[in-house]
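Student: I would like to go through the reasons behind the labels used for this structure. Please show it before we start.

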Amino acid sequence: MSEVSPLPIIDIGPLLSGGAGRHEVACQIGLACREAGFFYIVGHGVDEELQLRLENHSRRFFARDLETKLEISITKGGKAWRGYFPVGRELTSGRPDLKEGVYFGAELSADHPLVKAGTPMHGPNLFPPGVPAFRETVLDYMAAMTKLGHVLMTGIALSLGLNESYFADRYTSDPLILFRIFNYPADLSPPDEQASWGVGEHTDYGVLTILRQDASGGLQVKSRSAWIDAPPVPGSLVCNIGDMLDRMTGGLYRSTPHRVKNPARHDRLSFPFFFDPNFSAEVKPIEVSWPVNDDRNERWDRASVHQFSGTYGEYLLSKVSRVFPELQEEVSQLRAGEKLGEDRSLQV
């Protein structure tokens with residue numbers, strides 16, 4: 001499946017090379033962030049053969065029986081929250097998604113200071129046993145996407161008239177990396193029945209999402225007037241901004257709602273990569289000359305992204321516990337422990 005997309009397609013080659021054309025690219029990114037919140041990128045330099053290896057290994061993994069896939073269940077990932085979850089276990093607005101997936105993040109050993117400190121969402125990944133090529137491919141892909149994320153953030157900074165290192169200096173020199181591989185099973189319901197959404201309307205939590213989708217289609221983006229398709233475009237990746245960039249820019253750059261329905265009669269793969277602020281970074285608005293545009297009454301969740309204060313980790317923990325209800329108790333325990341530590345520190 002290959003269609004022409006109504007969303008902008010931006011060649012970011014000059015950003016990668018650091019050439020004179022990077023300011024023009026930044027302007028294109030800025031316009032896309034203001035108008036759509038979504039855009040395609042080409043000239044991104046991510047090896048196509050690596051992408052195909054990732055897709056092939058992922059298809060083989062999801063083709064396994066459920067018992068085998070549960071060998072790396074997210075329930076075994078501990079505070080790192082890594083591993084596999086089956087169809088229906090992840091929620092959007094309280095409704096089960098019609099997808100299964102595997103959660104990954106930056107690969108940290110057990111003796112890493114953040115892991116030893118018990119920092120949530122930090123630790124080693126879980127990989128299928130006996131498939132060393134899958135581990136190598138996932139880690140190589142995350143490394144390539146992390147590099148790309150740093151490049152794109154320089155373009156976003158320039159688009160706002162900021163120093164190109166603005167976000168790296170404050171938030172993303174050591175970013176929180178979250179990578180997901182999702183499989184949307186074919187919806188085999190009769191044609192006269194309403195198909196289920198693989199994932200319902202939502203916005204992303206962080207700063208920047210970089211998505212590789214397979215050839216099936218099914219991604220839809222909410223424009224000002226209607227839902228529009230964001231079909232796969234050969235050689236491209238899809239980028240969208242999240243709630244934290246919306247917050248930082250006072251609503252100038254909007255986190256756009258999107259949703260997914262598998263239109264194919266076969267499984268659909270999706271590879272979202274989230275490039276977010278450091279877990280302990282306090283996210284603050286950029287000093288801007290325009291008024292804050294708070295669209296809470298128009299948002300899918302009726303929530304304000306501009307009222308939050310605190311670290312990105314605190315924000316993310318509150319969101320993740322809603323996606324995986326079984327983690328709510330663990331989040332509560334973590335917060336109780338942090339509060340107890342604060343109380344004890346006051347008594348010393």
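**Labels and their grounds**

Tutor: The accessible surface of the protein comes to about 15900 Å², and 52% of that belongs to carbon and sulfur atoms. The model is predicted. It holds ten helices and 14 strands, and buried residues make up 52% of its 348 residues.

Student: Why is E55 called buried?

Tutor: Buried means under 20% relative accessible area. E55 has 13% relative accessibility, so E55 counts as buried.

Student: What makes R59 partly exposed?

Tutor: The partly exposed class lies between under 20% and over 50%. R59 has a relative accessible area of 33%, so R59 falls in that class.

Student: How do you know that E55 forms a salt bridge with R59?

Tutor: The cut-off is a side-chain nitrogen of Lys or Arg within 4 Å of a carboxyl oxygen of Asp or Glu. The closest N and O atoms of E55 and R59 are 3.1 Å apart, so the pair meets the cut-off. Both residues lie in helix 3, four residues apart, about one turn of the helix.

Student: What makes K69 and E100 a pair that ties together separate parts?

Tutor: Their side chains meet in a salt bridge at 2.9 Å, N to O. K69 lies in helix 4 and E100 in strand 6, so the salt bridge ties together parts that are 31 residues apart in sequence. Both K69 and E100 are buried.

Student: Why is the contact between K222 and E201 called a salt bridge?

Tutor: The closest N and O atoms of K222 and E201 are 3.3 Å apart, and the limit is 4 Å, so the name applies. K222 is in strand 10 and E201 in strand 8, 21 residues apart. K222, at 33% relative accessibility, counts as partly exposed, and E201 is partly exposed at 25%.

Student: What makes strand 8 and strand 11 edge strands?

Tutor: They belong to an open sheet of four strands in the order 8-13-10-11, with antiparallel pairing. Strand 8 and strand 11 each have a single partner strand, so one side of each is left without a neighbour in the sheet.

Student: How do you know that strand 10 and strand 11 pair?

Tutor: Pairing needs at least two bridges. Strand 10 and strand 11 have three, in the antiparallel sense, so they count as paired. Q220 stands opposite D229 in strand 11.

Student: Why is strand 2 called largely enclosed?

Tutor: Four of the five residues of strand 2 are buried, so the rest of the structure largely encloses this strand.

Key:
Residues are numbered from 1 along each chain as its sequence is written. This is a predicted model: local features need pLDDT of at least 70, side-chain atom pairs count only at pLDDT 80 or more; totals for chains, interfaces and linings use all residues. Side-chain values use heavy atoms; hydrogens and water are left out. Helices (H or I, at least four residues) and strands (E, at least two) are DSSP runs, numbered from the N terminus. Buried means under 20% relative accessible area, exposed over 50%, partly exposed in between (1.4 Å probe, protein chains only). Accessible areas come from the Shrake-Rupley method with a 1.4 Å probe; for residues, only the protein chains shown count as cover.
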